[in-house]
Amino acid sequence: GRMDDISQWLHIDPSCCTTPPPGNDAIVIHIRDFLPDDEDKNKNLQVGVYRDIIQQYSQSDQPKVIVVCQPRSVESDIVKSLVQEFNAVVQTGSDNIDAFCVLSNAHFIIPTTSSTYSQLAALLAQQKNDNVQVHYPTHTLDRPGVTLNVPTWKYHLTTSGNDRIEEFEVSHERLDIFHS
């Protein structure tokens with residue numbers, strides 16, 4: 001079907017992956033800094049959103065948290081906050097493909113809202129393993145920046161200040177992706 005086709009398109013030769021896979025117990029957060037003039041996508045989530053998701057769904061009191069981001073984002077406020085809050089390890093990957101490998105081998109993923117890159121990695125991870133959890137925070141149900149509406153993902157509505165989760169597990173059917 002359609003998901004098998006997508007998996008074939010996204011297949012990456014494992015020899016391209018130089019960073020070790022994150023491990024079954026790791027929580028992988030993708031941080032993508034969009035350009036400041038890209039207002040619709042620049043809905044920067046605060047650390048409380050990630051804290052709420054991790055507290056609600058992690059099986060561990062001290063989860064291993066990995067932040068995957070671009071090299072230029074390592075010193076961003078949100079990455080520094082995640083490192084401080086969770087003692088997170090930051091991985092930029094040796095290049096974009098290597099970073100994609102880390103994301104696509106995760107078992108618990110929080111993609112960046114509106115990032116097709118991290119959403120495709122999450123799709124590929126779920127194709128490899130049915131037990132992968134994908135937690136997608138969004139600030140709106142009206143055009144939430146979802147590339148594909150995936151029924152197995154957990155969509156979480158953030159507060160207007162993007163600092164907490166207002167509603168966990170919003171049904172994928174409530175998302176108005178195409179603004180109908």
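How much area does the chain expose, and what share of it do carbon and sulfur atoms supply? In this predicted model, the exposed area of the chain is about 9,600 Å², and carbon and sulfur atoms supply 46% of it.

**Figure 1. The whole chain, with its five helices and seven strands.** Followed along the sequence, the elements come in the pattern α-β-α-β-α-β-α-β-α-β-β-β. The C-alpha atoms fill a box of roughly 40 × 40 × 35 Å along the principal axes, and the radius of gyration of 15 Å agrees with the value near 16 Å that a compact globule of 180 residues would have. Of these 180 residues, 47% count as buried. Among contacts with a separation of 6 or more, 63% come from residues 24 or more positions apart. The chain carries 13 positive and 24 negative charges, and the mean positions of the two groups are 2 Å apart.

**Figure 2. Helix α2, a mostly covered helix.** This helix spans residues 47-57, and eight of its 11 residues are buried. The buried residues are V47, G48, V49, Y50, D52, I53, I54 and Y57. As a general point, residues three or four places apart on an α-helix point the same way, because such a helix has 3.6 residues a turn.

**Figure 3. The largest nonpolar core, made of 29 residues.** The residues with the most contacts inside this core are V28, V68, I109, V146, W153, Y155 and L175. Two or more core residues are given by each of the elements β1 (26-31), β2 (64-69), α4 (96-104), α5 (116-128), β5 (133-138) and β6 (154-158). A second, separate core has 21 residues, including Y50, I54, V67 and I110.

**Figure 4. The surroundings of I109.** When its neighbours within four places in sequence are left aside, I109 is in contact with V28, L103, A122, A125, V132, Q133, V134 and H135. One of these partners, V28, is, like I109 itself, among the residues with the most contacts inside the largest nonpolar core.

**Figure 5. Two loop residues with a positive phi, R143 and N162.** Most residues other than glycine have a negative phi. R143, although not a glycine, has a positive phi of about 55 degrees, and its place is in the loop between β5 and β6. N162 is not a glycine either, and its phi is positive at about 55 degrees; this residue is found in the loop between β6 and β7 (165-170). Is N162 buried or exposed? With a relative accessible area of 8%, N162 is buried, because buried means under 20%.

Terms used. Residues are numbered from 1 along each chain as its sequence is written. This is a predicted model: local features need pLDDT of at least 70, side-chain atom pairs count only at pLDDT 80 or more; totals for chains, interfaces and linings use all residues. Side-chain values use heavy atoms; hydrogens and water are left out. Helices (H or I, at least four residues) and strands (E, at least two) are DSSP runs, numbered from the N terminus. The radius of gyration is taken over C-alpha atoms; the globule rule is 2.2 Å times the number of residues to the power 0.38. Buried means under 20% relative accessible area, exposed over 50%, partly exposed in between (1.4 Å probe, protein chains only). Contact means heavy atoms within 4.5 Å. Accessible areas come from the Shrake-Rupley method with a 1.4 Å probe; for residues, only the protein chains shown count as cover. Lys and Arg count as positive and Asp and Glu as negative; His and the chain ends are not counted. The place of a charge is taken as NZ of Lys, CZ of Arg, CG of Asp or CD of Glu. A nonpolar core is a set of buried Ala, Val, Leu, Ile, Met, Phe, Trp, Tyr and Cys residues joined through side-chain atoms within 4.5 Å.
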